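Visitor: Please give me a close look at a single part of this structure, and explain what surrounds it.

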Amino acid sequence: MVDMKSNEINTKVSLCGWELDNPVIPASGTFGYGYEFAELYDINCLGTFSFKGTTLEPRFGNSTPRIAECTSGMINSVGLQNPGVRAVIDNELPKLKKCFNKKVIANVSGFSVSEYAKTCALLDECEQVGILEVNVSCPNVHNGGMSFGTSCESAAEVTRAVKKVTTKPVFIKLSPNVTDIASIAKACEDAGADGISLINTLLGMRIDLKTKKPVIANKMGGFSGSAIFPVALSMVYRVHAAVSIPIIGMGGVSSAKDVLEMMLAGATAVQIGAANLVNPFVCRDIIEELPKQMQKYGIKNLKEIIGGAHNG
């Protein structure tokens, strides 16, 4: 145990000039629009959070069943169910403002380059939005989402289109279901991205032995949970070596120790996803535990450990 006073601990991090009290960020799709969790605890303790994936038009989502449990994780195929960007701006963000006094990350999905651009342009005008997280990595929808994130060219095309119509920092959220995620990240950086978010879910499925059919109506879905943490960690490490823009790391994070590992791999901030669905207090608990783990491992300032595993 390293002898260190709590007042010597600095948990603050900075994303494109936006200083967060800590690096802990609930991931899109696992925290709704925030106010639901505000009934359980004061969500202002969070660094920020990424709200539910938003598209230009309302979406009902995929057919049910949409969820399947599996060892150390889960598979989901919700299909970007959301009320559409105009309803989010008119209804969801005003409700959120009553319980959250920080800016948020707006997660955006689309089915064409022009849809991404139009949705981002509308959210760019919102004072409550601090960062636009452009999701080119969703494995649960047809004719969009992950198809834009599986090649350097298409990911770069979306990046350029969004950057043309926005003034806020743009982070591109990448899929792990590719051969070379580092090359795609670099293509996004070259196209003007301000940061990278990774990883989204892996592709997985379950089969019901009684019916002999896939459990999920969409057959396959996004595999998330603690089982994917080592995969996510390795990809954050590889992307950090390839780009010079900040990374928001995610994938199987469920503890303060996981947060520190992600940051050592190269993440500036860390999102927690599936763990919120198991324990709705997990982000609050991680934030409370983080200074203790920093003391234990002799870490005074989180900014100083970003990418530390690449040294030596």
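Guide: Two strands count as paired if DSSP finds at least two bridges between them; strands (E, at least two residues) and helices (H or I, at least four residues) are DSSP runs, numbered from the N terminus. This is a predicted model, in which local features need pLDDT of at least 70 and side-chain atom pairs count only at pLDDT 80 or more, while totals for chains, interfaces and linings use all residues. Residues are numbered from 1 along each chain as its sequence is written, and side-chain values use heavy atoms, with hydrogens and water left out.

The part to look at is strand 8, residues 170–173. On one side it has V170 and I172, on the other F171 and K173, and all four are buried (under 20% relative accessible area, with exposed over 50% and partly exposed in between; 1.4 Å probe, protein chains only). Both faces of strand 8 are thus covered.

Strand 7 (residues 129–135) runs parallel to strand 8, joined to it by four bridges. F171 in strand 8 is the bridge partner of E133. Three bridges, also in the parallel sense, pair strand 8 with strand 9 (residues 195–198). Here K173 has S197 of strand 9 as its bridge partner. Helix 4 (residues 181–190) completes a right-handed β-α-β unit with strands 8 and 9: with the strands pointing away from the viewer, the path from the first strand over the helix to the second runs clockwise.

These strands belong to an open sheet of seven, in the order 3-15-14-9-8-7-6, with parallel pairing. Strand 3 (24–26) and strand 6 (104–108) are at the edges and have a single partner strand each, so one side of each lacks a neighbour in the sheet.

Just past strand 8 comes L174, which touches residues including V136, I181, I184, C188 and L198 (heavy atoms within 4.5 Å), leaving aside residues up to four places away in sequence. L174 and L198 have the most contacts inside the largest nonpolar core, which has 94 residues. Such a core is a set of buried Ala, Val, Leu, Ile, Met, Phe, Trp, Tyr and Cys residues joined through side-chain atoms within 4.5 Å.

In the loop between helix 4 and strand 9 lies D194. The side chain of D194 meets that of K163 in a salt bridge, 2.8 Å from N to O (the cut-off is a side-chain nitrogen of Lys or Arg within 4 Å of a carboxyl oxygen of Asp or Glu). K163 is in helix 3 (residues 152–164), so the pair ties together parts that are 31 residues apart in sequence. D194 is partly exposed, at 22% relative accessible area, and K163 is partly exposed at 25%.
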